[in-house]
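Visitor: Hi, could you walk me through this one? I'd like to start at the surface and then work inwards.

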Amino acid sequence: MFTHTKEFFSLSKEEKLKYSVNEKYQGYVSIHQEMLDPSNQKIGDWKECFNFGKIRKKLQVLPPCFEEEFIDKFEKTCHQLCMKILQAFSISLEILQDEGGKNWFEQRHKYENDSGDTLRILHYPPMKHNIDEKDIRAGSHTDYGSLTILFQKDVGGLEIELPSTKQWIPAPVINDCVLINIADLLEYWSKGLFKSTKHRVTFNNDTSMIDRYSIAYFCHAEDDVGLDPIPSKYLENLDSINVEKGIVYGVDGVKTPLTAGEHLKFRLVSTYR
């Protein structure tokens, strides 16, 4: 997958722009087009990406270097791994069998249904000029779905914010391992027991002149799944989190949880505006 990733990003800009991101946020995203931390960034991220939707839908034209069968298999393998991890969360929360038991999450992540599942390849080009405070490879953010699988290779730069101290620490590249981020939906469902991982990609003296490549699989619940709390005894004494991106006002001012699809749309519009 990394070989195909490098092959695509080595194409000319004109060739890559033939696959520019569409209204479903699938396709090529150029440098500075995304701004993951719009409240604090002055310019967009120093990276380029390509987003794959579910290949089985056949709604996306792929560059020649990507075979549909290969991408489809890669996406499904990532999704299966996420289901194994989410099943472990269900078991740890001791969800009652009549509430879904160990399959509580899987029932909300059926691959054949419409969801925001996205496979993304990323290229962070070298910075040729002196780095200043406005330059960042990817702004501070949390991911929008349930879980994220991140494949790193050779070059680091990812940093994680510790919730307790707000200190940023590096996430090392470990051979033959993937990194798992908890994302927004899992934080909402768990009333904040599990924290959505805030992270960023920065320049440093060791990597600023080196190309960085990574691959991310964003696992999302089905679009119409609500964000009501998980039925677990461990959450009974916790208050539901009330943040502007997770609550909308429904009929007569009654607070209504967003669906997974509505939350994703809210975050994407903010990122690309």
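Guide: Happy to. L81, V178 and I180 make a nonpolar surface patch of about 190 Å². Patches are made of residues with over 30% relative accessible area and no salt bridge, where like charges are joined within 9 Å and nonpolar side chains (Val, Leu, Ile, Met, Phe, Trp, Tyr) within 5 Å. A salt bridge here is a side-chain nitrogen of Lys or Arg within 4 Å of a carboxyl oxygen of Asp or Glu. Areas come from the Shrake-Rupley method with a 1.4 Å probe, and for residues only the protein chains shown count as cover.

Visitor: What kind of model is it, and how are residues numbered?

Guide: It is a predicted model, where local features need pLDDT of at least 70 and side-chain atom pairs count only at pLDDT 80 or more, while totals for chains, interfaces and linings use all residues. Residues are numbered from 1 along each chain as its sequence is written, and side-chain values use heavy atoms, with hydrogens and water left out.

Visitor: Back to the patch. Where does I180 sit?

Guide: I180 is in strand 8, residues 179-182. Helices (H or I, at least four residues) and strands (E, at least two) are DSSP runs, numbered from the N terminus. I180 has a relative accessible area of 33%, so it is partly exposed. The cut-offs are under 20% for buried, over 50% for exposed and partly exposed in between, using a 1.4 Å probe and protein chains only.

Visitor: And the chain overall, how many helices and strands?

Guide: Five helices and twelve strands. Of the 273 residues, 51% count as buried. The accessible surface comes to about 14,200 Å², and carbon and sulfur atoms account for 51% of that.

Visitor: OK, inwards. Which residues have the most contacts inside the largest nonpolar core?

Guide: M1, F8, F52, F66, I121 and W189, in a core of 46 residues. Helix 3 gives the largest share, seven residues. By nonpolar core I mean a set of buried Ala, Val, Leu, Ile, Met, Phe, Trp, Tyr and Cys residues joined through side-chain atoms within 4.5 Å.

Visitor: What does F52 touch?

Guide: Not counting residues up to four places away in sequence, F52 touches M1, Q60, L62, F66, I71, E75, D117, T118, L119 and I121. Contact means heavy atoms within 4.5 Å. There is also a second, separate core of twelve residues, including I160, L179, V201 and F218.

Visitor: I160 is in strand 6, I think. Which way do the side chains of that strand point?

Guide: L158 and I160 point one way and E159 and E161 the other, and all of them are buried.

Visitor: What are the pairing partners of strand 6?

Guide: Strand 6 pairs in the antiparallel sense with strand 9 (residues 199-201) over three bridges, and in the antiparallel sense with strand 7 (residues 168-170), also over three bridges. Two strands pair if DSSP finds at least two bridges between them. L158 stands opposite V201 in strand 9, while the bridge partner of E161 in strand 7 is W168. Strands 6 and 7 form a hairpin with six residues between them, and K166 in the turn has a positive phi of about 60°.

Visitor: So what does E159 form a salt bridge with?

Guide: With R200, the closest N and O atoms being 2.7 Å apart. The pair links strand 6 to strand 9, 41 residues apart. E159 counts as buried because its relative accessibility is 17%, whereas R200, at 22%, counts as partly exposed.

Visitor: How many salt bridges are there?

Guide: Six. One of them joins K16 and E48, with the closest N and O atoms 3.0 Å apart. K16 is in helix 2 (residues 13-17) and E48 in strand 2, 32 residues apart.

Visitor: Are those two buried or exposed?

Guide: Buried: K16 has a relative accessible area of 6% and E48 has 5%.

Visitor: Last one: what's around Q26?

Guide: Q26 lies in the loop between helix 2 and strand 1 (27-29) and counts as buried at 16% relative accessibility. Leaving aside neighbours within four places in sequence, Q26 is in contact with S20, V21, N51, G53 and Q60. Q60 is also on the list of residues that F52 touches.
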